[in-house]
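Q: I am new to protein structures and would like to look closely at one single part of this model. Please take a charged residue that sits inside the protein, describe its surroundings carefully, and then widen the view to the rest of the chain.

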Amino acid sequence: MALIKCPECELQVSDKALSCPHCGFPLLRGSQEQKKRSTPRRMRLPNGFGSITEIKGKNLRNPFLVRVSIGKTPTGTPITKSLKPQAYFRTYNEAYEALVEYNRNPYDLNLSMTVAELYQKWTSKYFDEVAASYTRTITSAWAYCSSVYNMRAKDLRARHIKGCMEDGFRIESKGKNKGEKIYPTAGTKTKIKSLFNLMLDYAVEYEIVEKNYARDFEISRETAEAVESAKKSHIIFTEEEIQILWDNVGKVRYVDWILMQCYMGWRPQELATLRLDEINLDEWYMQAGMKTDAGKQRIVPIHTKVRKLLKENYAFAVSIGSDYLLNDKGQTHAGSWKLTYDKYANRFKKAIKELNLNSEHRPHDPRMTFITRCQKANIDKFALKEMVGHSIQDITESVYTIRDVEWLRSDLEKMQ
């Protein structure tokens, strides 16, 4: 630091001072203005032209990222995508020249989109619109399609999709068969076909591909017949089986869950995800449900025969701090208490096997048992539809008749 004379009062001041401490005369105005002018001010790019972003803090050789506009969302938000084949540039001016050149003659960036990228783009929107059970169906089918993951979406043809259905495989990741190739069953083949039908419909709509080749062919007759023969009808629980369930409450795990389903008609997915805040223990009813408009948040009274079972599960959930009625970690006592459909189905099968009941029983059978027993007890058909979440076509019933909890309860208690 050196001392200089103030041009105004001629007293000595530091050469680093912004102004004279004696008279206030500004000393570094010129250098400040020069510093401000050292960083060029860049013009704002036109709407829809694209963007240039400087990536700071990563010591990149090419820090300027170019994105181009490829459209807008329904709400008007611009959709941008990195410029290809080169998106990063050394200087702003190089990035700007590339962006100008692209806008002078725009080309289709979707030409290089892979099938895997298309799947991610489609499912990011589609999975928000469907139930969790169908999300699992799509993801399990996609696991057999690794042969086309890295193909360009525009190159995908019917033969490639058929290849996934006939020769595709996934690698087993759990259990004693870990590492083995698992080939698609007839049912899985239909799911793969459905996956490509929907995904390529989306791709055509957004002009990612010109044609949906998945809809150019049907599944083979043999596959269709195999799927049809594999379909199993629901088997209701007999009165003898229901008595066996009652006789083993507290002795065999998960029997109480099956009985609650038999007496309230929930779908297995609905029962597995019932929340405590959907249960009213003061007035003994639940308000929950999913799948259809008629099934969502429907009122179902809690049958007197299963109140004790439900209350025990409720108390256990509270004791472990769970938000859900049914909870189980399994024999390993590891992981989450929370149930999914798959976890519920697995425990259902264990209970059925341990009690030596009909091995063909499936998790949906207790719901069918509930409906059948209600009909045998002559429960009002419209009250039954309300409790199981089926739509009512009768306008007088669906619009003008309002059944409260007690009305539904008086019908439900006819079933013993």
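A: The account below begins with aspartate 365 and then moves outward to the neighbouring elements and the whole protein.

This is a predicted model, in which local features need pLDDT of at least 70 and side-chain atom pairs count only at pLDDT 80 or more, while totals for chains, interfaces and linings use all residues. Residues are numbered from 1 along each chain as its sequence is written, and side-chain values use heavy atoms, with hydrogens and water left out.

Aspartate 365 lies in helix H13, which covers residues 365–376; helices here are DSSP runs of H or I with at least four residues, strands are runs of E with at least two, and both are numbered from the N terminus. Aspartate 365 is buried, where buried means under 20% relative accessible area, exposed over 50%, and partly exposed in between, with a 1.4 Å probe and protein chains only. Aspartate 365 nevertheless has no salt bridge, and the nearest side chain of opposite charge, that of arginine 362, is 4.8 Å away. Lys and Arg count as positive and Asp and Glu as negative, with His and the chain ends not counted, and a salt bridge requires a side-chain nitrogen of Lys or Arg within 4 Å of a carboxyl oxygen of Asp or Glu.

What the side chain of aspartate 365 does make is a polar contact with the side chain of histidine 361, at 3.0 Å. A polar contact is a pair of N or O atoms within 3.5 Å; within protein, one must be able to donate a hydrogen and the other to accept it, and residues adjacent in sequence count only if both atoms are side-chain atoms. Leaving aside residues up to four places away in sequence, aspartate 365 touches His234, Ile235, Phe237 and Glu360, where contact means heavy atoms within 4.5 Å.

The loop between H13 and H14 holds asparagine 378, which has a positive phi of about 60 degrees although it is not a glycine. Most residues other than glycine have a negative phi. Asparagine 378 counts as exposed because its relative accessibility is 62%.

Beyond that loop, Ala383, Glu386 and Met387 in H14 meet Leu408, Asp411 and Leu412 in H16.

Across the protein there are 16 helices and 11 strands, and buried residues make up 38% of its 416 residues. Of the contacts with a separation of 6 or more, 54% join residues 24 or more positions apart.
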